[in-house]
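Please look at the sequence and the structure below, and follow the aromatic side chains through the fold as they are described in turn.

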Amino acid sequence: MAESVMLSELKTAPADFRFPTTNQTRHCFTRYIEFHRCVAAKGEGAQECDKFAKYYRSLCPGEWIGRWNEQRENGTFPGPL
């Protein structure tokens with residue numbers, strides 16, 4: 001029997017004129033901050049924030065996200081939230 005394989009379409013954040021180079025580190029960090037600012041302004045589960053979550057999750061390495069989440073919890077996050 002052949003197994004059916006579900007393929008999902010991979011999407012990343014759209015091009016952003018503020019980040020014209022191939023190094024996407026700043027783009028990743030900015031999208032992470034935009035997401036958390038959106039959640040702070042609109043509340044947990046706000047659909048307007050979903051796009052920012054998708055963007056930073058597609059751009060940022062999981063290790064960075066984990067570290068930033070810990071820093072936010074500890075009050076030591078270096079970014080402007």
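In this predicted model, F29, Y32, F35, Y56, W64, W68 and F77 join into one aromatic cluster, and a search through the whole structure finds nine aromatic pairs. One of these pairs is made by F29 and W68, whose ring centres are 5.2 Å apart and whose planes meet at 75°, so the pair is edge-to-face, given that angles over 60 degrees are counted that way. Because F29 belongs to helix α1 and W68 to helix α3, this pair ties together parts that lie 39 residues apart in sequence.

How buried or exposed are the residues around this contact? F29 is buried, with a relative accessible area of 16%, and W68 is buried as well, at 9%. W68 also forms an aromatic pair with W64, a tilted one, with 5.9 Å from centre to centre and 50° between the planes. These two tryptophans both lie in helix α3, four residues apart, which is about one turn of the helix. W64, however, is partly exposed, with a relative accessible area of 27%, because a residue counts as buried under 20%.

The largest nonpolar core of the model has 18 residues, and those with the most contacts inside this core are Y32, F35, C49, Y56, C60, W68 and F77. Helices α1 (25-42), α2 (50-59) and α3 (62-74) each supply at least two residues of the core, and the largest share, seven residues, comes from α1. As for C49, leaving aside residues up to four places away in sequence, this cysteine touches F35, C38 and V39.

Definitions and conventions:
Residues are numbered from 1 along each chain as its sequence is written. This is a predicted model: local features need pLDDT of at least 70, side-chain atom pairs count only at pLDDT 80 or more; totals for chains, interfaces and linings use all residues. Side-chain values use heavy atoms; hydrogens and water are left out. A nonpolar core is a set of buried Ala, Val, Leu, Ile, Met, Phe, Trp, Tyr and Cys residues joined through side-chain atoms within 4.5 Å. Buried means under 20% relative accessible area, exposed over 50%, partly exposed in between (1.4 Å probe, protein chains only). Contact means heavy atoms within 4.5 Å. Rings of Phe, Tyr and Trp (its six-membered ring) pair if their centres lie within 6.5 Å; planes under 30 degrees apart count as stacked, over 60 as edge-to-face and the rest as tilted.
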